[in-house]
Amino acid sequence: MSYSAIEARHKTVGVKVGQVTVGGSAPVVVQSMTNTDTADAEATALQVAQLARAGSELVRITVDREESAAAVPYIAEKLAKMKVNVPLVGDFHYNGHMLLTQYPDCAAALAKYRINPGNVGFKEKKDRNFATMIEVAAKHDKAVRIGVNWGSLDQAMLAALMDENAKSATPLPARAVMHEAIVRSGISSALYAEELGLARNRIIISAKCSEVQDLIAVYRMMAQRTDHALHLGLTEAGMGSKGIVASTAALSVLLQQGIGDTIRISLTPEPGGDRTREVIVAQEILQTMGLRAFAPMVIACPGCGRTTSTVFQELAQDIQSYVRGRMPEWRNQYPGFENLSLAVMGCIVNGPGESKHADIGISLPGTGEVPAAPVYIDGQKVKTLRGENIATQFQGIVEDYVAKRWG
């Protein structure tokens, strides 16, 4: 992390979730969630494995009914056979108190429980059901995320705050009261969990909204009022570029201010789309901000009238795909490879200069230029590539560099 670019991290208590630490001095953790039917243990285990191999350090699964709870131990067993060691988080709503008590093997197999204080029950049942879930977590020494969501906010608390605000001599806008209700729900629930015997270093809080400015305002308030570890995510972010842009806009502001210990990008998958996309987006947010490094970065120019050929576009795509494909093996063989930077440039204007700034760079010929592609390594020109197989030659250069530098 570069402190010249990123403000000092908001100091929070570190929470162990399986073998992963969230908060404290640990780096920001990437997590994701399956969208399979958890009762289908085979399909869920396969998707958990896909997400974990893409880089998700925690994976949340829905536990919504008895069949789902019964399947959790088998999911954990299948993952162990696949040698996938990722902490599983159980997402509970409405009936979590029953499922955790009636299926102790499920409670034991999960590394963390997600509890939404807005829908654990109503009136006198609310505290009792919440307490039951916390007691199970304490018994099994599991972490808990107190996950407040503005779409399922505690209506009794919100109504009380609205009434109180209406009587004030200087009433706040309704949206500000909602922000206060979200923050108060999260912190008061966390403190109640501590009263029930769950240690502070077993609690993470989230306060999710679906509007960028609301999310920023709520987490700023939260960070000022608690040192609990914080999970960030823009809920219902949306599909495609809208979801990516909205999530990036919200989370980048907070991360820049040092707020956030773990993140999830809640993208609506396109039909037949790859669920791992949300993991890659989360990694790219953290990496482009200088907070963590996950994979070599490929820098490529946008193209213009000087680059009417598609050669550099194809090479940039080939290199990006090549690097992603090599990551699993490189991760085992070459620790530190994720800091590699590559540049694929399209013409003489910025090509040589940008290429020199990367670990390895190639400057392809633009329209009307000599059909040659100079290659730069650590700022020095080392060779010029020509012919039809420039992509293959360049990949060989990358492979050799990674082996020599991190081997």
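**Exercise 1. The pair Arg-114 and Asp-91**

Determine which interaction joins the side chains of Arg-114 and Asp-91 in this predicted model, and where the two residues lie.

*Solution.*
Step 1. The N to O distance between the two side chains is 3.4 Å, and the interaction is a salt bridge. The cut-off for such a pair is 4 Å.
Step 2. Arg-114 belongs to strand β6 (residues 112-115), whereas Asp-91 belongs to strand β5 (residues 88-92). The pair thereby links distant parts of the chain, 23 residues apart.
Step 3. Burial is assigned under 20% relative accessible area. Arg-114 has 5% relative accessibility and therefore counts as buried. Asp-91, at 7%, is likewise buried.

**Exercise 2. The pair Arg-264 and Glu-278**

Establish how far apart the closest N and O atoms of Arg-264 and Glu-278 are, and whether each residue is buried or exposed.

*Solution.*
Step 1. The closest N and O atoms are 3.1 Å apart, and the two residues form a salt bridge.
Step 2. Arg-264 is located in the loop between β11 (262-263) and β12 (267-268), and Glu-278 in helix α10 (residues 277-288); the pair therefore ties together parts that are 14 residues apart in sequence.
Step 3. The relative accessible area is 8% for Arg-264, which is buried. For Glu-278 the value is 2%, and this residue is also buried.

**Exercise 3. Helices α13 and α11, and a network**

Identify the salt bridge that ties helix α13 to helix α11. Then name the residues that shared salt-bridge partners join into one network.

*Solution.*
Step 1. Glu-399 and Arg-326 meet through their side chains in a salt bridge of 2.6 Å, N to O.
Step 2. Glu-399 lies in helix α13 (residues 390-406) and Arg-326 in helix α11 (residues 311-333), so this salt bridge connects parts 73 residues apart in sequence.
Step 3. Arg-326 has 17% relative accessibility and counts as buried.
Step 4. The network consists of Asp-37, Asp-64, Arg-65 and Glu-67, joined by salt bridges that share partners. The structure holds 20 salt bridges.

**Exercise 4. The nonpolar cores**

State how many residues the largest nonpolar core has and which of them have the most contacts inside it. Then examine the surroundings of Phe-92.

*Solution.*
Step 1. The largest nonpolar core has 81 residues, and Phe-92, Tyr-113 and Leu-255 have the most contacts inside it.
Step 2. Leaving aside residues up to four places away in sequence, Phe-92 touches several residues, including Val-63, Leu-99, Cys-106, Tyr-113 and Met-133. Arg-114, from Exercise 1, is also one of the residues that Phe-92 touches.
Step 3. A second, separate core has 28 residues, among them Tyr-334, Val-375, Ile-397 and Val-398.

Methods:
Residues are numbered from 1 along each chain as its sequence is written. This is a predicted model: local features need pLDDT of at least 70, side-chain atom pairs count only at pLDDT 80 or more; totals for chains, interfaces and linings use all residues. Side-chain values use heavy atoms; hydrogens and water are left out. Helices (H or I, at least four residues) and strands (E, at least two) are DSSP runs, numbered from the N terminus. Buried means under 20% relative accessible area, exposed over 50%, partly exposed in between (1.4 Å probe, protein chains only). A nonpolar core is a set of buried Ala, Val, Leu, Ile, Met, Phe, Trp, Tyr and Cys residues joined through side-chain atoms within 4.5 Å. Contact means heavy atoms within 4.5 Å.
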